[in-house]
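Visitor: I would like to know how the labels on a structure are earned. Please show me one and take me through the reasoning.

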Amino acid sequence: MDSSATKFQQIYANLPLNQRQEVVVVIGSEPLSWNAAKIEVDNNTEKGKQILDLLIKLSIIK
């Protein structure tokens, strides 16, 4: 797991459970919740990589 994925996991772990259902990013026209983003990141998918890149650009992951 690379450092941005590790940082994502740390942020995710500290989120309140109800906030994990909220949209964190939109890839194309598809809104993704924290929960959906975690599945993509955990499975190291192409979409997961796009999510991490976007979260870095948005300064959510530093």
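Visitor: What makes Glu30 and Lys47 a salt bridge?

Guide: A salt bridge needs a side-chain nitrogen of Lys or Arg within 4 Å of a carboxyl oxygen of Asp or Glu. The side chains of Glu30 and Lys47 meet at 2.6 Å, N to O, so the pair fits the rule. This is a predicted model: local features need pLDDT of at least 70, side-chain atom pairs count only at pLDDT 80 or more, and totals for chains, interfaces and linings use all residues. Residues are numbered from 1 along each chain as its sequence is written, and side-chain values use heavy atoms, with hydrogens and water left out.

Visitor: Which parts of the chain does this pair link?

Guide: Distant ones: Glu30 sits in strand 2 (residues 30-33) and Lys47 in helix 3 (residues 46-57), 17 residues apart. Helices (H or I, at least four residues) and strands (E, at least two) are DSSP runs, numbered from the N terminus.

Visitor: Why is Glu30 called partly exposed?

Guide: Buried means under 20% relative accessible area, exposed means over 50%, and partly exposed lies in between (1.4 Å probe, protein chains only). Glu30 has 36%, so it is partly exposed. Lys47, at 25%, also counts as partly exposed.

Visitor: How many salt bridges does the rule give?

Guide: Two. Asp42 also forms one with Lys38, the closest N and O atoms being 2.6 Å apart. Those two residues are four apart in helix 2 (residues 34-42), so about one helical turn separates them. Asp42 is partly exposed at 38%. Lys38 is partly exposed at 22%.

Visitor: What keeps Arg20 off the list of salt bridges?

Guide: The nearest side chain of opposite charge, Asp42, is 9.9 Å away. Arg20 is buried yet has no salt bridge. Arg20 lies in the loop between helix 1 (3-13) and strand 1 (23-27). Leaving out residues up to four places away in sequence, Arg20 touches Tyr12, Ala13, Leu15, Ser33, Trp34 and Asn35. Contact means heavy atoms within 4.5 Å.

Visitor: Why is Ile61 called buried?

Guide: Its relative accessibility is 4%, so Ile61 counts as buried. Ile61 is in the segment after helix 3. Setting aside neighbours within four places in sequence, Ile61 has contacts that include Phe8, Ile11 and Leu52. Ile61 and Thr6 are 55 residues apart in sequence, and their C-alpha atoms are 9.8 Å apart in space.

Visitor: Is Asp53 buried or partly exposed?

Guide: Asp53 has a relative accessible area of 46%, so it is partly exposed. Asp53 belongs to helix 3. Its C-alpha atom is 10 Å from that of Ala5, 48 residues away along the chain.

Visitor: What pattern does the protein chain follow along the sequence?

Guide: The pattern is α-β-β-α-α. That comes to three helices and two strands.

Visitor: How do you know that the protein chain is as compact as a globular protein of that length?

Guide: The radius of gyration is taken over C-alpha atoms, and the globule rule is 2.2 Å times the number of residues to the power 0.38. The rule gives 11 Å for 62 residues; the protein chain has 10 Å, which is close, so it is as compact as a globular protein of that length. Of the 62 residues, 32% count as buried. The C-alpha atoms fill a box of roughly 25 × 25 × 20 Å, taken along the principal axes.

Note on methods
Lys and Arg count as positive and Asp and Glu as negative; His and the chain ends are not counted.
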